Amino acid sequence: MSSHARSSHFDALETRSPDEREAAIARQLPRQIAAAAALPGYARTLGQVEPEQVRSLADLAALPVLRKSDLVALQRPGTPLGGLSALPPQSYAHLFQSPGPIYEPGGAGHDWWRMGRFLHAAGIGRGDVVQNCFSYHLTPAGMIFENGARTVGASVLPAGTGQTELQARAAHDLGVTAYAGTPDYLKVILDRAEADGLELQITRAAVGGGALFPSLRAEYAERGIACLQCYATADLGNIAYESAAMEGMIIDEGVLVEIVTPGTGTPVAPGEVGEVVVTTLNPDYPLIRFATGDLSALMPGTSPCGRTNLRIKGWMGRADQTTKIKGMFVRPEQVASFVARHDEITRARVVALREGEADRMLVQVESPGGDAEGYGRSVSEVMKLKAEIEVVAPGSLPNDGLVIEDRRKYD
């Protein structure tokens, strides 16, 4: 962290009273609903909604939920943003492609993705050099964190992923003070720098895109690095984030979060685990009741750090079998697509494993024989990840309906 003094909070929004926050929502939410209802992608779901009747989280619960599958259906040729965007595609600074394929817009304005708030909470700001190891290729994570770093005045080394030897050398030569990326890749860089005799100055890490295991956070702390995590998606940007208090994740001021019974839009009782549903207040891309597929629960009270918004417990699994491995989502439909490429495969199963502090992906393939190396190439093409391949006899995989199994331990 750089030496200059920083205020404890990003802006005054973070410390509002509940009454002030509710009053602001009552003003902002009807405008956002009205703007969304005017877009062709929402004509069927919000066309009959009276925006002035939607002024709170409780009012939102009466509206339909928007899911990833809806985005795929809406994003037909000629409408790459599905009629859900207030701006035409060419008006955005960036356009991205996520698995599906699903296309997302990205802006370059002040804290467009709301990631600056998290980086500030992580102690990163002017005077820091951030090694941004999120991908800049097609998907938005790299630009999401770069936009946040620009918001707080930090310099950025746009490192992306891979080439660890060069990453360690650049971190040393440029005096990198902060890391942004998936939780486990920082350890890869640190270990490489240590092996190469390179002293690094990294004291802050802002991570996302995968589980931050307590053992890994503790190892970073032993190495003098304070590591905090956020919860963000390609569609929504930042949703919630940790502060130095490290008691749950504070919901960002630019979104509204509901916890609902998975597969429905019905809110659960406070404290119960359910699916995270998010409404963004971004006027450029107004996603209304967007179901993330992630599980979490609301926490009582407020954070000891002084931020007063609601908190969630963080990521607690998936409402479906979709699983994040090495920072990338692997979906059941991708497994099906892989199987469909090979007539001899009867079934396949992706297994998420943990080796040391890194994710490992195993793909078990039911086949009378087949080419394991060829299967590996197919997996890389379909799922965008490298995997170990285990060819097993037909009928040997469990008949339990699982195509993705997560064997990693989170405690």
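**Figure 1. Confidence along the predicted chain.** Over residues 1–5 of this predicted model, pLDDT (the predictor's confidence in each residue, from 0 to 100) stays under 50, and the model has 11 contacts (heavy atoms within 4.5 Å) beyond four places in sequence for these residues. The average pLDDT of the chain is 93, and 97% of the residues score at least 70. Residues are numbered from 1 along each chain as its sequence is written, and side-chain values use heavy atoms, with hydrogens and water left out. Because the model is predicted, local features need pLDDT of at least 70 and side-chain atom pairs count only at pLDDT 80 or more, whereas totals for chains, interfaces and linings use all residues.

**Figure 2. Strand 3, helix 6 and strand 4.** Strand 3 (residues 129–132) pairs with strand 4 (residues 155–158) in the parallel sense over four bridges, where helices (H or I, at least four residues) and strands (E, at least two) are DSSP runs numbered from the N terminus, and two strands pair if DSSP finds at least two bridges between them. From strand 3 the chain passes through helix 6 (residues 141–152) to strand 4 in a right-handed β-α-β crossover, meaning that, with the strands pointing away from the viewer, the path from the first strand over the helix to the second runs clockwise. N132 has P158 of strand 4 as its bridge partner.

**Figure 3. The four-stranded open sheet and its helices.** Pairing is mixed in this open sheet, whose strand order is 19-18-17-20. Strand 19 (388–392) and strand 20 (404–406) are at the edges with a single partner strand each, so one side of each has no neighbour in the sheet. The twist from one strand to the next averages 25°. Strand 17 (residues 347–355) and strand 18 (residues 358–366) pair in the antiparallel sense over nine bridges, and the partner of R349 in strand 18 is Q364. Helix 10 (residues 332–340) lies across strand 17, strand 18 and strand 20, at about 125° to strand 17, with axes fitted to C-alpha atoms, for helices over the stretch in contact, and angles running from 0 to 180 degrees between N-to-C directions. Helix 11 (residues 372–383) lies across strand 17, strand 18 and strand 19, at about 125° to strand 19.

**Figure 4. The contact between domain 1 and domain 2.** The domain assignment, which is automatic or from a database, gives domain 1 (45–318) and domain 2 (323–406). Between them they bury about 1100 Å², 55% of it on carbon and sulfur atoms, buried area being the accessible area (1.4 Å probe) that two parts lose on being put together, summed over both. P99, D184 and R318 supply 40% of the area that domain 1 buries against domain 2.
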